[in-house]
Amino acid sequence: MADELKSRDGVSCQVVDPGQLRLPFPGQKAPGEDGEKLRMLVSEATGVVLATPEYHGSLSSVMKLVVENLGFPSVLAGKPVALLGVAAGQIGAIKSLEALEAMVREGGG
Ligand SMILES: Cc1cc2nc3c(=O)[nH]c(=O)nc-3n(C[C@H](O)[C@H](O)[C@H](O)COP(=O)(O)O)c2cc1C
(Lines give C-alpha, C1' and ligand atoms only; values in the text may rest on other atoms or scores of the structure.)
Protein backbone atom coordinates (compact mmCIF):
# COMPACT_ATOMS: atom_id res chain seq x y z
CA MET A 1 0.00 0.00 0.00
CA ALA A 2 2.77 2.45 0.97
CA ASP A 3 4.77 1.62 -2.19
CA GLU A 4 1.68 2.16 -4.34
CA LEU A 5 0.90 5.54 -2.74
CA LYS A 6 4.53 6.68 -2.98
CA SER A 7 4.59 5.79 -6.69
CA ARG A 8 1.88 8.40 -7.40
CA ASP A 9 2.90 11.90 -8.49
CA GLY A 10 2.29 14.52 -5.82
CA VAL A 11 1.46 11.98 -3.12
CA SER A 12 3.58 11.61 0.00
CA CYS A 13 3.01 8.83 2.48
CA GLN A 14 4.34 8.27 5.97
CA VAL A 15 4.29 4.78 7.47
CA VAL A 16 3.78 4.60 11.24
CA ASP A 17 4.58 1.33 13.02
CA PRO A 18 2.51 1.44 16.22
CA GLY A 19 4.76 -1.25 17.68
CA GLN A 20 7.47 1.42 17.86
CA LEU A 21 5.25 3.86 19.77
CA ARG A 22 4.72 4.10 23.51
CA LEU A 23 0.98 4.70 23.64
CA PRO A 24 -0.98 4.94 26.91
CA PHE A 25 -4.06 2.87 27.63
CA PRO A 26 -7.14 5.04 28.17
CA GLY A 27 -7.05 6.55 31.67
CA GLN A 28 -3.31 6.04 32.04
CA LYS A 29 -0.74 8.79 32.28
CA ALA A 30 1.03 9.16 28.92
CA PRO A 31 4.50 7.54 29.12
CA GLY A 32 5.84 10.12 26.65
CA GLU A 33 4.78 12.26 23.73
CA ASP A 34 4.05 9.51 21.20
CA GLY A 35 0.26 9.76 21.59
CA GLU A 36 0.31 13.52 20.97
CA LYS A 37 2.71 13.09 18.01
CA LEU A 38 0.40 10.45 16.52
CA ARG A 39 -2.65 12.74 16.86
CA MET A 40 -0.74 15.62 15.22
CA LEU A 41 0.40 13.41 12.34
CA VAL A 42 -3.12 12.13 11.71
CA SER A 43 -4.61 15.64 12.08
CA GLU A 44 -2.30 16.91 9.33
CA ALA A 45 -2.89 13.97 6.96
CA THR A 46 -5.27 14.24 4.03
CA GLY A 47 -6.25 10.60 4.44
CA VAL A 48 -5.34 7.63 6.59
CA VAL A 49 -4.88 3.90 5.99
CA LEU A 50 -5.28 1.70 9.06
CA ALA A 51 -3.81 -1.78 8.69
CA THR A 52 -4.29 -4.72 11.03
CA PRO A 53 -3.76 -8.46 11.11
CA GLU A 54 -6.75 -10.55 12.17
CA TYR A 55 -6.10 -11.89 15.65
CA HIS A 56 -8.60 -14.19 17.33
CA GLY A 57 -11.39 -13.07 15.03
CA SER A 58 -10.83 -9.36 15.57
CA LEU A 59 -8.39 -6.52 15.09
CA SER A 60 -5.00 -6.53 16.80
CA SER A 61 -4.84 -4.99 20.28
CA VAL A 62 -2.23 -2.48 19.15
CA MET A 63 -4.55 -1.15 16.41
CA LYS A 64 -7.33 -0.75 18.99
CA LEU A 65 -4.88 1.21 21.14
CA VAL A 66 -3.99 3.39 18.14
CA VAL A 67 -7.67 4.23 17.55
CA GLU A 68 -8.16 4.91 21.27
CA ASN A 69 -5.20 7.31 21.18
CA LEU A 70 -6.73 9.26 18.30
CA GLY A 71 -9.26 10.75 20.69
CA PHE A 72 -13.03 10.71 21.11
CA PRO A 73 -14.22 12.52 19.04
CA SER A 74 -11.43 11.20 16.87
CA VAL A 75 -8.95 13.22 14.83
CA LEU A 76 -10.03 10.85 12.03
CA ALA A 77 -13.40 12.65 11.89
CA GLY A 78 -14.10 14.01 8.42
CA LYS A 79 -11.08 12.31 6.83
CA PRO A 80 -11.16 9.52 4.28
CA VAL A 81 -10.03 6.36 6.08
CA ALA A 82 -9.10 3.14 4.27
CA LEU A 83 -8.90 -0.13 6.15
CA LEU A 84 -6.46 -2.92 5.29
CA GLY A 85 -6.52 -6.36 6.89
CA VAL A 86 -4.47 -9.51 6.61
CA ALA A 87 -5.42 -12.94 7.90
CA ALA A 88 -4.38 -16.55 7.55
CA GLY A 89 -7.93 -17.90 7.17
CA GLN A 90 -9.90 -18.51 3.98
CA ILE A 91 -12.37 -15.66 4.52
CA GLY A 92 -9.63 -13.09 4.90
CA ALA A 93 -9.71 -10.37 7.53
CA ILE A 94 -13.48 -9.75 7.36
CA LYS A 95 -14.11 -9.92 11.09
CA SER A 96 -11.19 -7.68 12.03
CA LEU A 97 -12.21 -5.13 9.40
CA GLU A 98 -15.85 -5.14 10.56
CA ALA A 99 -14.68 -4.47 14.12
CA LEU A 100 -12.21 -1.79 13.01
CA GLU A 101 -14.83 -0.08 10.83
CA ALA A 102 -17.28 0.01 13.75
CA MET A 103 -14.63 1.57 16.00
CA VAL A 104 -13.66 4.22 13.44
CA ARG A 105 -17.32 5.14 12.76
CA GLU A 106 -18.10 5.36 16.48
CA GLY A 107 -15.34 7.95 16.92
CA GLY A 108 -16.71 10.08 14.09
CA GLY A 109 -14.17 8.94 11.48
C1 LIG B 1 -2.28 -14.37 18.10
C2 LIG B 1 -2.74 -14.64 16.68
C3 LIG B 1 -4.07 -14.82 16.42
C4 LIG B 1 -4.51 -15.05 15.11
N5 LIG B 1 -5.84 -15.19 14.85
C6 LIG B 1 -6.26 -15.35 13.58
C7 LIG B 1 -7.66 -15.45 13.28
O8 LIG B 1 -8.52 -15.40 14.15
N9 LIG B 1 -8.03 -15.63 11.98
C10 LIG B 1 -7.10 -15.69 10.96
O11 LIG B 1 -7.50 -15.83 9.81
N12 LIG B 1 -5.77 -15.57 11.21
C13 LIG B 1 -5.33 -15.41 12.49
N14 LIG B 1 -3.99 -15.31 12.76
C15 LIG B 1 -3.05 -15.28 11.64
C16 LIG B 1 -2.66 -13.83 11.34
O17 LIG B 1 -3.76 -13.09 10.86
C18 LIG B 1 -1.53 -13.83 10.31
O19 LIG B 1 -0.43 -14.42 10.91
C20 LIG B 1 -1.23 -12.40 9.95
O21 LIG B 1 -2.21 -11.98 9.02
C22 LIG B 1 0.13 -12.18 9.39
O23 LIG B 1 0.37 -13.06 8.31
P24 LIG B 1 1.73 -13.93 8.28
O25 LIG B 1 1.72 -14.75 9.52
O26 LIG B 1 1.66 -14.74 7.00
O27 LIG B 1 2.86 -12.91 8.26
C28 LIG B 1 -3.55 -15.11 14.05
C29 LIG B 1 -2.19 -14.95 14.35
C30 LIG B 1 -1.78 -14.72 15.64
C31 LIG B 1 -0.30 -14.53 15.91
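Colleague: Let's start with histidine 56. Where does histidine 56 lie?

Modeller: Histidine 56 lies in the loop between strand 1 and strand 2. Please keep in mind that this is a predicted model.

Colleague: What makes histidine 56 count as buried or exposed?

Modeller: The cut-off for exposed is 12 or fewer C-beta neighbours within 10 Å. Histidine 56 has 9 inside that distance, so histidine 56 counts as exposed.

Colleague: And what is the phi of histidine 56?

Modeller: Its phi is positive, about 50 degrees, although histidine 56 is not a glycine. This residue belongs to the hairpin of strand 1 and strand 2, with two residues between the strands.

Colleague: How do you know that strand 1 and strand 2 are paired?

Modeller: Pairing asks for at least two bridges found by DSSP. Strand 1 (residues 48-55) and strand 2 are joined by two bridges, so they count as paired, and they run antiparallel. Within this pairing, glutamate 54 stands opposite leucine 59 of strand 2.

Colleague: How many bridges link strand 1 with strand 3?

Modeller: Six, and there the sense is parallel. Set against the requirement of at least two, that pair qualifies as well. One example is valine 48, whose bridge partner in strand 3 is valine 81.

Colleague: Why is the pairing in this sheet called mixed?

Modeller: The open sheet has three strands in the order 2-1-3, with mixed pairing. Strand 2 (58-59) and strand 3 (81-86) stand at the edges with a single partner strand each, so one side of each has no neighbour in the sheet. As for the word mixed, strands of a sheet pair through backbone hydrogen bonds, either parallel or antiparallel. Here strand 1 runs antiparallel to strand 2, while strand 1 and strand 3 pair in the parallel sense.

Colleague: On to helix 4. How does the span of helix 4 compare with the expected one?

Modeller: Helix 4 (residues 94-106) has 13 residues, and from its first C-alpha to its last it reaches 18 Å. At 1.5 Å a residue, 18 Å is also what one expects, so the two values agree closely.

Colleague: Which residues of helix 4 are buried, and what puts them on the same side?

Modeller: The buried ones are Ser96, Leu100, Met103 and Val104. They cover an arc of only 95 degrees around the axis, which puts them on the same side of helix 4. As background, an α-helix has 3.6 residues a turn, so residues three or four places apart point the same way. The other side of helix 4 carries the exposed residues Ala102, Arg105 and Glu106.

Colleague: What do the buried residues of helix 4 pack against?

Modeller: They pack against strand 1, strand 2, helix 3 (61-69) and strand 3.

Colleague: How do you know whether leucine 100 is buried or exposed?

Modeller: Being buried takes 20 or more C-beta neighbours within 10 Å. Leucine 100 has 25, so leucine 100 counts as buried. Leaving aside residues up to four places away in sequence, leucine 100 touches Leu50, Thr52, Leu59, Met63 and Leu83. Leucine 100 and serine 58 are 42 residues apart in sequence, yet their C-alpha atoms are 8.1 Å apart in space.

Colleague: What about helix 3: which of its residues are buried?

Modeller: Met63, Val66, Val67 and Asn69. They cover an arc of only 165 degrees around the axis, which puts them on the same side of helix 3. These buried residues pack against helix 2 (34-44), strand 1, strand 2 and helix 4.

Colleague: Which peptide bond is cis, and what is its omega?

Modeller: The one joining phenylalanine 72 and proline 73, with omega about 5 degrees. Proline 73 sits in the loop between helix 3 and strand 3.

Colleague: Finally, which residues surround the ligand?

Modeller: They are Pro53, Glu54, Tyr55, His56, Gly57, Val86, Ala87, Ala88 and Gly89. Strand 1 supplies the largest share of this shell, three residues.

Colleague: What makes up the shell by class?

Modeller: The shell has five nonpolar, three polar and one charged residues. Gly counts as polar in this scheme, and Gly57 and Gly89 are among the residues around the ligand.

Definitions and conventions:
Residues numbered from 1 in each chain as written. Predicted model: local features only at pLDDT ≥ 70, side-chain atom pairs only at ≥ 80, totals over all residues. Helix = DSSP H or I, 4+ residues; strand = E, 2+ residues; numbered from the N terminus. Arc of directions from axis to C-beta. Contact = placed C-beta atoms within 7 Å. Near = placed C-beta within 6 Å.
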